[in-house]
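This report describes selected features of the model shown below. It treats helix packing, domains, confidence and backbone geometry in turn.

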Amino acid sequence: MKLRFLLPLLIFGALFATFGFMLHRTENGGYDPKIIQSPLLGKPAPAFRLISVEDPTKFVDTRDYLGQIYVLNVWGTWCVGCRQEHPALLEIARQQLVPIVGLDTRQDSSDSNELANAQQWLSRLGNPYVATAFDADGRAAIDWGVYGAPETFLIDAKGYVAYKHVGPLSVEAWQQKFVPRIEQLRAGSVAGSKP
Amino acid sequence: MIVELGHFALILALCMATAQAFFGLAGAQMRHTQWMSAVRPAVAGQFVLVALSFACLVYAFEQNDFSVLYVASTSNSELPAIYRFTAVWGAHEGSMLLWMLVHVTWSMAVAAFSKQLPHGLISRVLGVMGLLSVGYALFILLTSNPFERLIPAAADGRDLNPLLQDPAFLIHPPMLYLGYVGMAVPFAFAIAALLEGKLDSAWARWVRPWTNVAWMFLTIGITLGSWWAYYELGWGGWWFWDPSENAPFMPWLVSTALIHSLAVTEKRGLFKSWTLLLAIFPFSLSLLGTFIVRSGLLTSVHSFASDPKRGLFILGFLAICVAGALLLYAWRAPHFRSDAGFAGASRESFILINNALLIVAAAIVLIGTMFPFFIDAFDLPKVSVGEPWFDAMILLPAVPLLVLLAIGMRASWKHADLSKQRLSLTVGITVGVALAILLPAALYGYSSVLTSVGIACGAWIAISALWDPISRWRNGHTVSVAVLGMSIAHLGVAMFVLGVAVTKSYSDDRDITLAPGESAKVGIYDVRFVKIGDAPGPNYDAVEGEVIVEQDGKHIATLHPQKRFYRVQRNVLTEAGILAGWHRHISVSMGESLGGSGAWSMRLMYRPLLRFVWLGAMFMAFGGFVAALDRRYRKVTVRADEPLATSTAPVN
């Protein structure tokens, strides 16, 4: 039996093993396909310094938010889900629990109107963001591991990603998923500051 | 009562499938003629039983029998009759029954159109198909039974997912399954050849039409899915690299390689063990794709109710089928020897590179789809694998594939002297380059090198594809049906490439707010929002906009985009208003109502040459079908000692 004829079997064997392992982890609750899409969890949030949508002569820099808990919302005017979640974001912004930073992404490299569209969007629909960065070349979205807008990240005071929500955010999801974590982080940072 | 009958028929079908598998495989192994003669009746019996079972489920849906759990969870008494029928495959359980029905239909077809095949071979082929049937039936009965009762019965059903309440849902899943499941036929033929230890040109000639037809259905299924996602989801895109799109795309890529490799095996007696491996792959990847989509390990737009038990069953089934097949392959394939060699420059070489590139493409799709797994399993550094990654990576195999296709079609078998093809190649390249310059300059404006390469390749491939039939026809020769089919399919590739290059580069999207009476520009068109009104539906309430599309003040079309609210599932669906045409699509979808002034946020999309993307794919499918009609696939009768290039491996 020549080895090269065994090769396909070995490759598929490795695939099976991976599948079996994942399935095993799913059943034990160690793996959740929704969370796996955010490999950044518990890791430092990628930094960026990008021009601001509201005023393109200024910059939005993630380092400015170090030391406070904030939310990064990835969106684009081309994204239907973003329009759907927009009223919820406005409502969340009104609560003033944490600042929401926007990251406006383009649909693809041929999309040349996004910046103008985004400005129009914010002025017409209302602006829930303290600042919105314009991701002109799509690098920031790639760094942040964005699968598809809208996605919403919770970043803790040390600049670590604490949670990620995929898809349109609702006020309910905010209350259930984000608010308890924010309170936990705040409590934790008080406890953590003791030593 | 009818429901229990359906359940019972499915259990009987399982018994019949067991008999089919046993008589087919054991009969051929032990050369037991009577056992082998029992195979075809077993196939027929199984077909009748599964069809009966399916009909019973359809009946339960038509009768709104909400004492059946599956009916109660996917249908509703307000649902229009046609969607009550399609709701049969509207969720996991019923779609598996459809899958099985399609499988036994293929088995029936193979049994019916194989009279000229050697008794032993066809018994083994049908035996393997029977074995697969056993797996499907067990899967349905043990983990996904659509006949399960709900006691007490529900007052009304939970309704079909609104996304699926669309005419396209009537044909998309059956077509896709015909393709997916049809890949079991070349799979079964490959297993049979490995068991027999015999593979010759005749074998390749028998497999080719089956592969072509299954491939045609897969192509149509994928195309319909893409088209449907475009107009129903209203995202403006036609391909999202979603796991449920990648699942059928992987077997498509590999079966495309198989179609080409089979040609070499038939014509030249080469690539035998490679062809066998390729025949095993599409079906394996079909099962793998099903596993990915249905086990719930990846999130996707098609969210089937996920259940790890089902995942475990499919994984086990996958392991038995694929590992069994590959083990058999590793044992037997080294005995298959090629009949002849071939020169470096020859059609064989081009097809070999074509195969390699298609496999690379399939591997890229597989890796990209599985990436979230790998990250978790091996704790890899975080990398985002989404649409941009796929779009960029797929170009690596795609661009050389297209260039080599344009040249390779002009190469002859065995030893190709490409200098003799100088005229056709020069014309092809010249027209390609000219078009790549003129088309953007005249119509669209310069975009990028990639756009030009795409347009040039499209034109060159079209010329290469048409050169042969046209020159033969001009010289008074007849063009064989197989060659005609090949030319049509490759012309389809050209149209597809042209469509993708132009629509990817020159699309225009506008997100704007319009009040009645206002208008906006998208591409070269003016879109005017006239008014908004109510448009009630059978199980939803909708508001409908009236939008007029104009060009230089001239009326082009009136569109009616809708925003629907489905009463039972309580969700909102956007139905885009689409103006389709040869040179462009215009689509208007409504976002949100913005206050009392009647203003709405809207998304306007302009998509040049979008139709060519789907039309190209349909040409490919049609070409594959035409090629399968070639006379030589039907006229051949076989004698035991066929003098064709034969190689016999020692059977231990």
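In this predicted model, helix 15 (residues 387-408) of chain B packs with helix 17 (residues 449-474) of chain B at an angle of about 30°, and the two axes are 8 Å apart. Because angles under 35 degrees count as roughly parallel, helix 15 of chain B and helix 17 of chain B are roughly parallel to each other. The crossing of helix 15 of chain B past helix 17 of chain B is left-handed.

On the side of helix 15 of chain B, the contact is made by B:Val399, B:Leu402, B:Val403, B:Leu405 and B:Ala406. These residues meet B:Val453, B:Cys457, B:Trp460, B:Ile461 and B:Ser464 in helix 17 of chain B. By class, the residues of this contact comprise nine nonpolar, one polar and no charged.

**Domains**

The domain assignment of chain B gives domain 1, which covers residues 1-160, and domain 2, which covers residues 508-610. A distance of 43 Å lies between the C-alpha centres of domain 1 of chain B and domain 2 of chain B. Contact between them involves six residues of domain 1 of chain B and four residues of domain 2 of chain B. On the side of domain 1 of chain B that touches domain 2 of chain B, two residues are nonpolar, one is polar and three are charged.

**Confidence**

The model as a whole scores ipTM 0.77 and pTM 0.79. For chain B, the average pLDDT is 87, and 92% of the residues score at least 70. Residues 638-652 of chain B have a pLDDT under 50 throughout; for this stretch the model has 27 contacts beyond four places in sequence.

**Backbone geometry**

Most residues other than glycine have a negative phi, and most peptide bonds are trans. Two places in chain B are listed here against that background.

| Site | Backbone feature | Location in chain B |
|---|---|---|
| B:Ile151 and B:Pro152 | cis peptide bond, omega about 0° | B:Pro152 in the loop between helix 7 (119-143) and helix 8 (168-182) |
| B:Asn64 | positive phi, near 50° | loop between helix 3 (39-62) and helix 4 (69-74) |

The bond that joins B:Ile151 and B:Pro152 is thus a cis peptide bond, and B:Pro152 belongs to a loop of chain B. B:Asn64, a residue other than glycine, has a positive phi and is likewise found in a loop of chain B.

Technical notes
Residues numbered from 1 in each chain as written. Chains lettered and ligands numbered in written order. Predicted model: local features only at pLDDT ≥ 70, side-chain atom pairs only at ≥ 80, totals over all residues. Axes fitted to C-alpha atoms, helices over the stretch in contact; angles between N-to-C directions. Helix = DSSP H or I, 4+ residues; strand = E, 2+ residues; numbered from the N terminus. Parallel < 35°, antiparallel > 145°, perpendicular 65-115°, else oblique. Left-handed = near helix turned anticlockwise from the far one by under 90°. Contact = placed C-beta atoms within 7 Å. Nonpolar A, V, L, I, M, F, W, Y, C, P; charged D, E, K, R; others polar. Domains from an automatic or database assignment. pLDDT = per-residue confidence, 0-100.
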